[in-house]
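Colleague: Got a minute to walk me through this one? I'd like to hear the reasoning behind the labels.

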Amino acid sequence: MDIPTVVSAAWLYEHREDTHIAIADCRFSLADPALGAQQYNTSHIPGAEYFHLNKDLSSPVQQHGGRHPLPDPEVLAQKLSTMGIDAQTIVVAYDDSRFAFAARLWWLLRYLGHDRVAVLDGGFKAWQSLKLPVTDAISTKTPTQFICHLQPSLRVDIAEVKARKDLPGVVLIDSREIPRYLGKSEPIDPIAGHIPGAVNYPWQEVSSSDGYLYSSQEQRQHWQQLQGREIIVYCGSGVTACVNLLSLHLAEIDTSALYVGSWSDWCSYLLVDS
């Protein structure tokens, strides 16, 4: 079957028991890291498994590398294997934060070489709005083997950012809110501001306030000035930037890469130099 990048709650309900469908609950709160798991344990889409941003979709924080370094690919592959996910599985990821965390898993799976992945439009609230069933039961899966085929072209590090960001035909995108980009507000990282030369495309601009992605045509219009450019995308820690990468994919612009460490990595070197 064709693999849509974005699926509706009605589509997921229709396909929820297909043997090749796996559902990933990615709800999370940066302010309260335990909240997402608590929400999952209280109520989730039947069959869904929980992915914790800090424990599953990131690795431990070091001096450099940002607040959410990439997870060890083999460790994530093991979790995917225990969920019964293999090369034939379609993974549908959802959250309740306008794709902030579901898009992280979407990007990670593509980085691991697994393109059979989608996000749930409207997130968990869309599922609830249709009064579809929820549960607190933890389902059991038949383990399989997920094999990584890493796609290194999808990511860059600080050295590559420095080397490429000012080249003709390259654009560096800061995905954070305008006040953070301008350095007027910085609620998380120790230094305010943005990487020199970066332009601002806030990640919230690609979806509605109630969590539905704009159409592919609207995504193409949003990014039309960047057609044909090499794009490097970052945010605070490499998480919400993935929403912009999702949007760029919907706009059929796949010349983009994630600066994984993002601003939190960049400013960690500024602290050392200061």
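**Labels and the reasoning behind them**

Modeller: Sure. Let me start with a charged pair: R180 and D189 are both buried. Keep in mind that this is a predicted model.

Colleague: What makes R180 and D189 a salt bridge?

Modeller: Their closest N and O atoms are 3.5 Å apart. The cut-off is 4 Å between a side-chain nitrogen of Lys or Arg and a carboxyl oxygen of Asp or Glu, so the pair qualifies. The two also belong to a network, in which salt bridges with shared partners connect R67, D174, R176, R180, E186 and D189.

Colleague: How many salt bridges does the structure hold?

Modeller: There are 12. Another one pairs E49 with K141, where the closest N and O atoms are again given as 3.5 Å apart. That one links distant parts of the chain: E49 is in strand 3, K141 is in the loop between helix 5 and strand 6, and 92 residues separate them.

Colleague: Why is E49 called buried, and why is K141 called partly exposed?

Modeller: E49 has a relative accessible area of 15%, and buried means under 20%, so the label fits. K141 comes out at 26%. Partly exposed runs between that 20% limit and the 50% above which a residue is exposed, so K141 lands there.

Colleague: And D166 with K165: which is buried and which is exposed?

Modeller: D166 is exposed, at 58%, while K165 counts as buried at 12%. They form a salt bridge too, with the closest N and O atoms 3.2 Å apart.

Colleague: On to the rings. Why is the pair of Y94 and F124 called stacked?

Modeller: The structure holds 7 aromatic pairs. In this one, the centres are 5.8 Å apart and the planes make an angle of 15°. Centres must lie within 6.5 Å and stacked planes must be under 30 degrees apart, so both tests are passed. Y94 sits in strand 4 and F124 in helix 5, 30 residues apart. Y94 is buried at 1% relative accessible area, and F124 is buried at 4%.

Colleague: What makes Y234 and Y259 edge-to-face instead?

Modeller: The angle between their planes is 65°, and over 60 counts as edge-to-face, so that's the name. Their centre-to-centre distance is 6.4 Å. The partners come from strand 9 and strand 10, 25 residues apart.

Colleague: How do you know that K162 lies over the face of W266?

Modeller: K162 is 5.8 Å from the ring centre, and the distance limit is 6 Å. There is an angle limit as well, 35 degrees from the ring normal. R16 lies over the face of Y13 too, at 3.9 Å from the ring centre.

Colleague: Why is H194 called partly exposed?

Modeller: Its relative accessibility is 28%, so it falls between the 20% and 50% limits. H194 is in the loop between helix 7 and strand 8, and its contacts include D174, R176 and Y234.

Colleague: What makes the H194 link to Y181 a polar contact?

Modeller: The side chain of H194 reaches the backbone oxygen of Y181 at 2.6 Å. The limit is 3.5 Å, so the distance is met. S97 and D96 make a polar contact through their side chains, at 3.3 Å.

Colleague: Last one: which residues have the most contacts inside the largest nonpolar core?

Modeller: L12, I45, F51, W107 and W223, in a core of 74 residues. Helix 4 gives the most to this core, with 8 residues. Another core, of 15 residues, lies apart from it and includes L172 and W263.

Methods
Residues numbered from 1 in each chain as written. Predicted model: local features only at pLDDT ≥ 70, side-chain atom pairs only at ≥ 80, totals over all residues. Heavy atoms only, no water. Polar contact = N/O pair within 3.5 Å; in protein donor to acceptor, adjacent residues only side chain to side chain. Phe/Tyr/Trp six-rings, centres within 6.5 Å; stacked < 30°, edge-to-face > 60°. Helix = DSSP H or I, 4+ residues; strand = E, 2+ residues; numbered from the N terminus. Buried < 20%, exposed > 50% of the residue type's maximum accessible area, 1.4 Å probe, protein only. Contact = heavy atoms within 4.5 Å. Core = buried A, V, L, I, M, F, W, Y, C linked by side-chain atoms within 4.5 Å. Lists of a residue's contacts leave out its neighbours within four places in sequence.
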